[in-house]
Amino acid sequence: MLESCQNAQERWGGVHLIIDRWLQDRQHLIQAFGAIEEASEEGRLRRSALQDFCGTLVDYVSAGHFGVYEQLTQEAKAFGDERGLELAEQIYPRLDVLTERCLQFNDHCDKGDCTDFADLCARLRELGGILHERFELEDCLIEVLHTAHREDVAVQA
């Protein structure tokens with residue numbers, strides 16, 4: 001019995017750690033976005049800074065798409081959370097679209113097409129809206145698919 005409790009804590013406590021780390025990465029992305037946006041508006045954006053930002057962006061969306069979302073879904077399945085799984089089925093397609101748009105921004109800049117100042121500023125504004133929507137959807141998933149099970153995890157531990 002103690003072993004199964006320990007396994008539950010390790011398993012779902014690990015999800016909590018993954019989410020915490022991912023949210024820290026989100027904060028870093030937001031700060032990097034702010035710095036890039038400010039530098040572009042002032043006309044002092046360096047190509048290397050834009051490349052670093054794009055790397056942070058791709059890392060963040062990839063971690064969500066290929067790691068965190070999967071962990072949240074597995075946790076909901078383990079707790080038989082049909083409501084959460086239904087919500088995930090509704091939200092994941094939109095997150096896929098937003099992921100693709102983030103990757104398009106990266107690809108555009110990676111090709112060297114971010115040299116037009118006005119175009120870059122417009123694309124950054126658009127990306128800001130995309131990220132804002134994405135963060136709201138991700139927060140909803142975390143709330144419904146993970147936070148809702150916090151007490152269940154504690155009981156199993």
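Here are a few exercises on the helices of this structure, each with a worked solution.

The model is predicted, so local features need pLDDT of at least 70 and side-chain atom pairs count only at pLDDT 80 or more, while totals for chains, interfaces and linings use all residues. Residues are numbered from 1 along each chain as its sequence is written, and side-chain values use heavy atoms, leaving out hydrogens and water.

**Exercise 1. Work out what span helix α2 should have, and check it against its ends.**

Step 1: Find the helix. Helices here are DSSP runs of H or I with at least four residues, numbered from the N terminus; α2 covers residues 47–78, which is 32 residues.

Step 2: Get the expected span, which is 1.5 Å times one less than the number of residues. For α2 that gives 46 Å.

Step 3: Compare. The end C-alpha atoms of α2 are 45 Å apart, which agrees.

Step 4: Look for a bend, meaning the angle between axes fitted to the seven residues ending at a residue and the seven starting there. α2 has a kink of about 40°, centred on G64.

**Exercise 2. Now do the span check for α3, and find where α3 bends.**

Step 1: α3 has 29 residues, so it should span 42 Å. Its end C-alpha atoms lie 41 Å apart, which agrees.

Step 2: The bend is about 30° and sits at I91, with a proline, P93, following within four residues.

Step 3: Peek past the end: just after α3 comes G112, with a positive phi of about 85°.

**Exercise 3. Describe how α3 packs against α4.**

Step 1: Take the axes, which are lines fitted to C-alpha atoms over the stretch in contact, with angles running from 0 to 180 degrees between N-to-C directions. For α3 (residues 82–110) and α4 (residues 117–146), the angle is about 160° and the axes are 9 Å apart.

Step 2: Name the arrangement. Since over 145 degrees counts as roughly antiparallel, α3 is roughly antiparallel to α4.

Step 3: Sort the contact residues by class: 19 are nonpolar, three polar and nine charged. (Ala, Val, Leu, Ile, Met, Phe, Trp, Tyr, Cys and Pro count as nonpolar, Asp, Glu, Lys and Arg as charged, and the others, Gly among them, as polar.)

**Exercise 4. Count the salt bridges, then place the one between R26 and D139.**

Step 1: Use the rule: a side-chain nitrogen of Lys or Arg within 4 Å of a carboxyl oxygen of Asp or Glu. The count comes to seven.

Step 2: For R26 and D139, the closest N and O atoms are 2.9 Å apart.

Step 3: R26 is in helix α1 (residues 2–41) and D139 in helix α4, so this pair, 113 residues apart, links distant parts of the chain.

Notes. Helix = DSSP H or I, 4+ residues; strand = E, 2+ residues; numbered from the N terminus. Parallel < 35°, antiparallel > 145°, perpendicular 65-115°, else oblique.
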